[in-house]
Amino acid sequence: MKFNIILISALLALSSCGYSMRGSISIPSSINSISVISNQYSELVNTLNASLAFSNIEASTSKSDDIYRIVILSEKFNRRQLSINIAGRVNEYELIYDVRFELKAPNKKPIKDRVTLYRDYSFDENNVMGNSDREGDIKKGMTSNVSTLIFNKLIALAKNE
(Lines give C-alpha, C1' and ligand atoms only; values in the text may rest on other atoms or scores of the structure.)
Protein backbone atom coordinates (compact mmCIF):
# COMPACT_ATOMS: atom_id res chain seq x y z
CA MET A 1 0.00 0.00 0.00
CA LYS A 2 2.78 2.41 0.95
CA PHE A 3 4.63 1.55 -2.25
CA ASN A 4 1.57 2.40 -4.35
CA ILE A 5 1.15 5.74 -2.60
CA ILE A 6 4.82 6.59 -3.14
CA LEU A 7 4.65 5.52 -6.78
CA ILE A 8 1.52 7.58 -7.46
CA SER A 9 3.02 10.59 -5.68
CA ALA A 10 6.21 10.33 -7.74
CA LEU A 11 4.26 10.08 -11.00
CA LEU A 12 2.10 13.07 -10.09
CA ALA A 13 5.18 15.11 -9.16
CA LEU A 14 6.89 14.24 -12.47
CA SER A 15 3.86 15.06 -14.57
CA SER A 16 3.16 18.32 -12.75
CA CYS A 17 6.69 19.65 -13.28
CA GLY A 18 6.38 19.24 -17.06
CA TYR A 19 8.63 16.19 -17.39
CA SER A 20 8.21 14.27 -20.61
CA MET A 21 10.09 11.43 -22.23
CA ARG A 22 12.95 12.47 -24.49
CA GLY A 23 11.78 12.57 -28.08
CA SER A 24 8.15 13.17 -27.26
CA ILE A 25 6.59 16.45 -28.31
CA SER A 26 3.34 18.07 -27.26
CA ILE A 27 1.70 19.29 -30.42
CA PRO A 28 -1.70 21.02 -30.12
CA SER A 29 -4.66 18.82 -31.00
CA SER A 30 -5.55 21.19 -33.86
CA ILE A 31 -2.59 19.79 -35.80
CA ASN A 32 -3.49 16.41 -37.29
CA SER A 33 -0.76 16.06 -39.88
CA ILE A 34 2.43 17.86 -40.75
CA SER A 35 4.26 17.84 -44.04
CA VAL A 36 8.06 17.73 -43.71
CA ILE A 37 9.87 18.57 -46.95
CA SER A 38 13.48 18.87 -48.03
CA ASN A 39 15.07 18.97 -51.48
CA GLN A 40 17.87 16.62 -50.41
CA TYR A 41 18.42 13.71 -48.05
CA SER A 42 18.42 15.03 -44.53
CA GLU A 43 18.99 13.36 -41.17
CA LEU A 44 17.01 16.27 -39.72
CA VAL A 45 13.94 15.30 -41.79
CA ASN A 46 14.29 11.72 -40.53
CA THR A 47 14.48 13.00 -36.95
CA LEU A 48 11.43 15.25 -37.44
CA ASN A 49 9.42 12.39 -38.97
CA ALA A 50 10.44 10.01 -36.16
CA SER A 51 9.32 12.56 -33.55
CA LEU A 52 5.99 12.93 -35.34
CA ALA A 53 5.49 9.16 -35.47
CA PHE A 54 6.37 8.87 -31.78
CA SER A 55 3.73 11.50 -30.99
CA ASN A 56 1.07 9.84 -33.20
CA ILE A 57 1.01 12.72 -35.70
CA GLU A 58 0.71 11.84 -39.37
CA ALA A 59 3.85 12.77 -41.34
CA SER A 60 3.02 13.75 -44.90
CA THR A 61 4.98 14.75 -47.99
CA SER A 62 2.10 16.77 -49.36
CA LYS A 63 2.77 20.28 -50.63
CA SER A 64 -0.85 21.24 -50.08
CA ASP A 65 -1.65 24.59 -48.46
CA ASP A 66 -4.27 23.16 -46.11
CA ILE A 67 -1.87 21.42 -43.68
CA TYR A 68 1.09 22.56 -41.59
CA ARG A 69 4.41 22.36 -43.41
CA ILE A 70 8.03 22.35 -42.34
CA VAL A 71 10.36 22.97 -45.27
CA ILE A 72 14.08 22.50 -44.70
CA LEU A 73 15.65 25.03 -47.06
CA SER A 74 19.28 24.24 -46.21
CA GLU A 75 21.38 22.64 -43.55
CA LYS A 76 25.10 22.23 -43.16
CA PHE A 77 27.72 21.22 -40.65
CA ASN A 78 31.01 23.09 -40.48
CA ARG A 79 34.03 22.31 -38.35
CA ARG A 80 36.75 24.72 -37.37
CA GLN A 81 39.81 24.60 -35.17
CA LEU A 82 39.44 26.15 -31.75
CA SER A 83 42.90 25.59 -30.31
CA ILE A 84 46.23 24.04 -31.23
CA ASN A 85 48.99 22.60 -29.07
CA ILE A 86 52.64 23.65 -28.96
CA ALA A 87 53.47 21.23 -31.79
CA GLY A 88 50.93 22.95 -34.06
CA ARG A 89 48.36 20.13 -33.89
CA VAL A 90 44.67 20.61 -33.18
CA ASN A 91 43.51 20.26 -29.56
CA GLU A 92 39.87 21.30 -29.98
CA TYR A 93 37.33 21.59 -32.77
CA GLU A 94 34.07 23.48 -32.92
CA LEU A 95 31.10 22.08 -34.82
CA ILE A 96 28.65 24.54 -36.31
CA TYR A 97 25.23 23.37 -37.47
CA ASP A 98 23.29 25.91 -39.51
CA VAL A 99 19.70 25.19 -40.58
CA ARG A 100 17.44 27.45 -42.59
CA PHE A 101 13.79 26.43 -42.65
CA GLU A 102 10.30 27.63 -43.39
CA LEU A 103 7.15 27.07 -41.35
CA LYS A 104 3.74 27.37 -42.91
CA ALA A 105 0.36 27.24 -41.22
CA PRO A 106 -2.66 26.23 -43.34
CA ASN A 107 -3.55 28.93 -45.84
CA LYS A 108 -1.12 31.43 -44.27
CA LYS A 109 2.03 33.11 -45.46
CA PRO A 110 5.20 31.07 -44.75
CA ILE A 111 7.63 32.21 -42.04
CA LYS A 112 11.34 31.73 -42.73
CA ASP A 113 13.74 31.22 -39.85
CA ARG A 114 17.23 30.01 -39.09
CA VAL A 115 18.86 28.09 -36.24
CA THR A 116 22.62 27.90 -35.68
CA LEU A 117 24.10 25.69 -32.97
CA TYR A 118 27.71 25.56 -31.78
CA ARG A 119 29.40 22.68 -29.94
CA ASP A 120 33.07 22.10 -29.21
CA TYR A 121 35.03 18.99 -28.33
CA SER A 122 38.58 17.95 -27.52
CA PHE A 123 40.57 16.19 -30.22
CA ASP A 124 43.06 13.43 -29.40
CA GLU A 125 45.35 12.64 -32.32
CA ASN A 126 46.12 9.23 -30.76
CA ASN A 127 42.45 8.20 -30.81
CA VAL A 128 41.16 9.10 -34.27
CA MET A 129 38.33 6.50 -34.23
CA GLY A 130 37.09 7.74 -30.86
CA ASN A 131 37.14 11.30 -32.16
CA SER A 132 35.00 10.45 -35.18
CA ASP A 133 32.53 8.58 -32.94
CA ARG A 134 32.36 11.56 -30.59
CA GLU A 135 31.82 13.94 -33.51
CA GLY A 136 29.03 11.69 -34.83
CA ASP A 137 27.34 11.65 -31.43
CA ILE A 138 27.58 15.43 -31.17
CA LYS A 139 26.06 15.81 -34.65
CA LYS A 140 23.15 13.53 -33.71
CA GLY A 141 22.55 15.57 -30.56
CA MET A 142 22.64 18.81 -32.52
CA THR A 143 20.15 17.42 -35.04
CA SER A 144 17.84 16.40 -32.20
CA ASN A 145 18.13 19.86 -30.61
CA VAL A 146 17.30 21.60 -33.90
CA SER A 147 14.32 19.28 -34.35
CA THR A 148 13.02 20.29 -30.92
CA LEU A 149 13.57 24.00 -31.65
CA ILE A 150 11.68 23.72 -34.95
CA PHE A 151 8.75 21.98 -33.24
CA ASN A 152 8.69 24.65 -30.52
CA LYS A 153 8.45 27.35 -33.21
CA LEU A 154 5.72 25.38 -34.99
CA ILE A 155 3.74 25.06 -31.73
CA ALA A 156 4.10 28.81 -31.13
CA LEU A 157 2.88 29.44 -34.68
CA ALA A 158 -0.14 27.16 -34.13
CA LYS A 159 -1.02 28.90 -30.84
CA ASN A 160 -0.90 32.35 -32.49
CA GLU A 161 -3.62 31.45 -34.97
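Is L7 buried, exposed or partly exposed? L7 is partly exposed, its relative accessible area being 40%. That residue is a handy way into this predicted model, which has 3 helices and 5 strands. Most of what follows is about salt bridges, with 5 of them in the structure, plus a closer look at E94 and a quick stop at a nonpolar patch.

**Overall layout**

- Reading from the N terminus, the elements go α-β-α-β-β-β-β-α.
- The protein has 161 residues, and 34% of them are buried.
- Take the contacts between residues at least 6 apart in sequence: 67% of these join residues at least 24 apart.
- The accessible surface adds up to about 10,400 Å², and carbon and sulfur atoms account for 52% of that.

**The patch around L7**

- L7 sits in helix α1, which covers residues 2–16.
- Together with F3 and L11, L7 makes a nonpolar surface patch of about 330 Å².
- L7 can belong to such a patch because its 40% relative accessible area clears the cut-off of over 30% that patch residues need.

**Helix α3 to strand β3: E135 and R79**

- E135 and R79 pair up through their side chains in a salt bridge, at 3.1 Å from N to O.
- This one reaches across distant parts of the chain: E135 belongs to helix α3 (residues 128–159) and R79 to strand β3 (residues 68–84), with 56 residues separating them.
- The two ends aren't equally covered: E135 counts as buried at 14% relative accessibility, whereas R79 is partly exposed at 45%.

**Strand β4 to strand β3: E94 and R80**

- Another salt bridge joins E94 and R80, and here the closest N and O atoms are 2.5 Å apart.
- E94 is in strand β4 (residues 90–104) and R80 is in strand β3, so this pair ties together parts 14 residues apart in sequence.
- E94 counts as buried because its relative accessibility is 10%, and the cut-off for buried is under 20%.
- R80, on the other hand, is partly exposed, with 45% relative accessibility.

**Strand β5 to helix α3: D113 and K153**

- D113 and K153 also meet side chain to side chain in a salt bridge, with an N to O distance of 2.7 Å.
- Again the link is between distant parts of the chain, from D113 in strand β5 (residues 111–122) to K153 in helix α3, 40 residues apart.
- Both ends have some access to the surface: D113 is partly exposed at 29% relative accessible area, and K153 is partly exposed at 33%.

**A shared network**

- R79, E135 and K139 are joined into one network by salt bridges that share partners.
- Two of those names have come up already, since E135 and R79 are the pair at 3.1 Å.

**Who else does E94 touch?**

- Leaving out residues up to four places away in sequence, E94 touches N78, R79, R80, L82, Y118, R119 and D120.
- Among them, R80 is also joined to E94 by a polar contact between the side chains, at 2.5 Å.
- R79, also touched by E94, is the residue that meets E135 in a salt bridge.

Methods. Residues numbered from 1 in each chain as written. Predicted model: local features only at pLDDT ≥ 70, side-chain atom pairs only at ≥ 80, totals over all residues. Heavy atoms only, no water. Salt bridge = Lys/Arg side-chain N within 4 Å of Asp/Glu carboxyl O. Helix = DSSP H or I, 4+ residues; strand = E, 2+ residues; numbered from the N terminus. Buried < 20%, exposed > 50% of the residue type's maximum accessible area, 1.4 Å probe, protein only. Patch = residues over 30% accessible without salt bridge, like charges linked within 9 Å, V, L, I, M, F, W, Y side chains within 5 Å. Areas by Shrake-Rupley, 256 points an atom, 1.4 Å probe, with all protein chains shown as cover. Contact = heavy atoms within 4.5 Å. Polar contact = N/O pair within 3.5 Å; in protein donor to acceptor, adjacent residues only side chain to side chain.
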